[in-house]
Amino acid sequence: MTSTDRDDERRVEPAEEPVGVAPIVAPYGAEDHGVVMELAASERLPLEPDAEVRRGHALLWVVRPAARAPAQGYLLAWRVADELELLHLVVHPAARRRGFGGALLDELLAHGRRRGLGAVYLEVRVSNEGALRLYRSRGFREEGRRRGYYADGEDALVLTLPLSRGPVPG
Ligand SMILES: CC(C)(COP(=O)(O)OP(=O)(O)OC[C@H]1O[C@@H](n2cnc3c(N)ncnc32)[C@H](O)[C@@H]1OP(=O)(O)O)[C@@H](O)C(=O)NCCC(=O)NCCS
């Protein structure tokens, strides 16, 4: 990590203005703390939002259905050199299949492309069919498998999407 990288990523840039009823993706704010902590806990994901916000290389975003509505999901990603590592992507169980997760992911891909970054990486449980379908719909491909990656012994698939070439159909 160079100082240039840190400077470049010091602030999460605001998401573009929503069109119609599209979900609104925006940087995490203090008002989102309770919801984001609940979502992280529901997935047993360790998260310290304030510490992440202070990291130069972290992106912590929330998604909401309308301005000032409560957040329905969040994303945490780190920029590592010229790549993005997607660490958390969580949508409230009652709000799933309404495009919130896809909106967060799409904003991350757009962010990486705007900066000319090389790829996005993530790990996902082999059994997480919903998430796998979401990632594959955006062009992610399996790059490897980490055996016993999770505390319960389940394997992780390592997925990657090269950003320069854009999403691959199918
Ligand atoms: C994975 C997750 C973030 C998806 O969020 P979401 O808001 O439901 O996703 P979207 O509504 O944007 O789904 C987009 C597409 O992904 C696919 N998809 C998402 N969830 C799916 C599911 N449970 N089953 C099948 N396909 C699914 C579908 O193709 C869907 O499009 P469709 O609804 O038009 O068919 C959400 O299920 C979640 O928070 N899961 C628990 C945490 C988790 O597993 N995170 C990923 C860890 S790597």
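## Around the ligand

A residue counts as near the ligand if its C-beta atom, placed from the backbone, lies within 6 Å of it. By that rule, 20 residues surround the ligand, and the closest are Arg96, Gly101, Gly102, Gly130 and Leu134. Two or more residues of this shell come from each of strand E4 (83–91), helix H4 (100–114), strand E5 (119–125) and helix H5 (129–137). Helices (H or I, at least four residues) and strands (E, at least two) are DSSP runs, numbered from the N terminus. H5 gives the most, with six residues.

Please keep in mind that this is a predicted model: local features need pLDDT of at least 70, side-chain atom pairs count only at pLDDT 80 or more, and totals for chains, interfaces and linings use all residues. Residues are numbered from 1 along each chain as its sequence is written.

## Chemistry and domains

The shell holds eight nonpolar, six polar and six charged residues. Here Ala, Val, Leu, Ile, Met, Phe, Trp, Tyr, Cys and Pro count as nonpolar, Asp, Glu, Lys and Arg as charged, and the others, Gly among them, as polar.

Because domain 1 (3–95) and domain 2 (118–170) both give residues to the shell, the ligand lies between them. The domain bounds come from an automatic or database domain assignment.

## The sheet

Seven strands form an open sheet in the order E1-E2-E3-E4-E5-E7-E6, with mixed pairing; two strands pair if DSSP finds at least two bridges between them. Strand E1 (24–27) and strand E6 (141–146) stand at the edges with a single partner strand each, so one side of each has no neighbour in the sheet.

E4 and E5 pair in the parallel sense over four bridges. Leu84 has Val120 in E5 as its bridge partner.
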